[in-house]
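User: Please take a close look at one part of this structure, the hairpin and its salt bridges. I would like a connected account of how that part is built and how it sits in the rest of the chain.

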Amino acid sequence: MANGLLREDDAVHLGHYTYYGEPGGKYYAKLTMYAERDGGSDSREYLTTTCTAPS
């Protein structure tokens, strides 16, 4: 996916993903962030609050 998250030698990585849900449906996103440098790595998960798709 070409969203800018896999660039090298960059201090900040930004990207987006658009999801079109069913009108009135309730959705949330589960994000996993991963980084590695100098032989070490770390990751974090984040669960967004629920939102309702517009009708």
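**The hairpin and its surroundings**

Analyst: From the N terminus on, the elements of the chain run β-β-β-β. This is a predicted model, and it has four strands and zero helices.

The part you ask about is made by strand 2 and strand 3. Strand 2 covers residues 30-37 and strand 3 covers residues 40-47. These strands form a hairpin, with two residues between them. In the turn, Asp-38 has a positive phi of about 50°. The pairing of strand 2 with strand 3 is antiparallel and runs over eight bridges. One of the residue pairs in this ladder is Met-33 with Arg-44, where Arg-44 is the bridge partner in strand 3.

Next come the charged side chains. How many salt bridges does a search of the whole structure find? The search finds two. One of them joins the side chains of Lys-30 and Glu-45, at 3.8 Å from N to O. Lys-30 lies in strand 2 and Glu-45 in strand 3, so this salt bridge ties together parts that are 15 residues apart in sequence. To count as a salt bridge, the nitrogen must be within 4 Å of the carboxyl oxygen, and the 3.8 Å of this pair meets that cut-off.

Are the two partners buried or exposed? Lys-30 has a relative accessible area of 57% and is exposed. Glu-45 is also exposed, at 55% relative accessibility. The reasoning rests on a cut-off: a residue counts as exposed because its relative accessible area is over 50%.

The other salt bridge joins the side chains of Asp-42 and Arg-44, with 3.0 Å from N to O. Arg-44 counts as exposed, with 54% relative accessibility. Asp-42, at 42%, counts as partly exposed. Arg-44 therefore appears twice in this account: its side chain meets that of Asp-42 in a salt bridge, and in the strand pairing Arg-44 is the bridge partner of Met-33.

Now the residues on either side of the hairpin. After strand 3 comes the loop that leads to strand 4 (51-52), and Thr-49 is found in this loop. Thr-49 is exposed, with a relative accessible area of 65%. Leaving out residues up to four places away in sequence, Thr-49 touches Tyr-27 and Tyr-28. The C-alpha atoms of Thr-49 and Ala-29 are separated by 7.8 Å, although these residues are 20 apart along the chain.

Glu-22 is found in the segment before strand 1 (26-27). Glu-22 counts as exposed, at 58% relative accessibility. Setting aside neighbours within four places in sequence, the contacts of Glu-22 are with Tyr-27 and Ala-53. Pro-54 is 32 residues from Glu-22 in sequence, and the two are 8.4 Å apart in space, C-alpha to C-alpha. Tyr-27 is in contact with Glu-22 and is also touched by Thr-49.

Finally, the chain as a whole. Of its 55 residues, 5% are buried. The accessible surface comes to about 5,500 Å², and carbon and sulfur atoms account for 53% of that. Among contacts with a separation of 6 or more, 29% are between residues 24 or more positions apart.

Note on methods: Residues numbered from 1 in each chain as written. Predicted model: local features only at pLDDT ≥ 70, side-chain atom pairs only at ≥ 80, totals over all residues. Heavy atoms only, no water. Buried < 20%, exposed > 50% of the residue type's maximum accessible area, 1.4 Å probe, protein only. Contact = heavy atoms within 4.5 Å. Areas by Shrake-Rupley, 256 points an atom, 1.4 Å probe, with all protein chains shown as cover.
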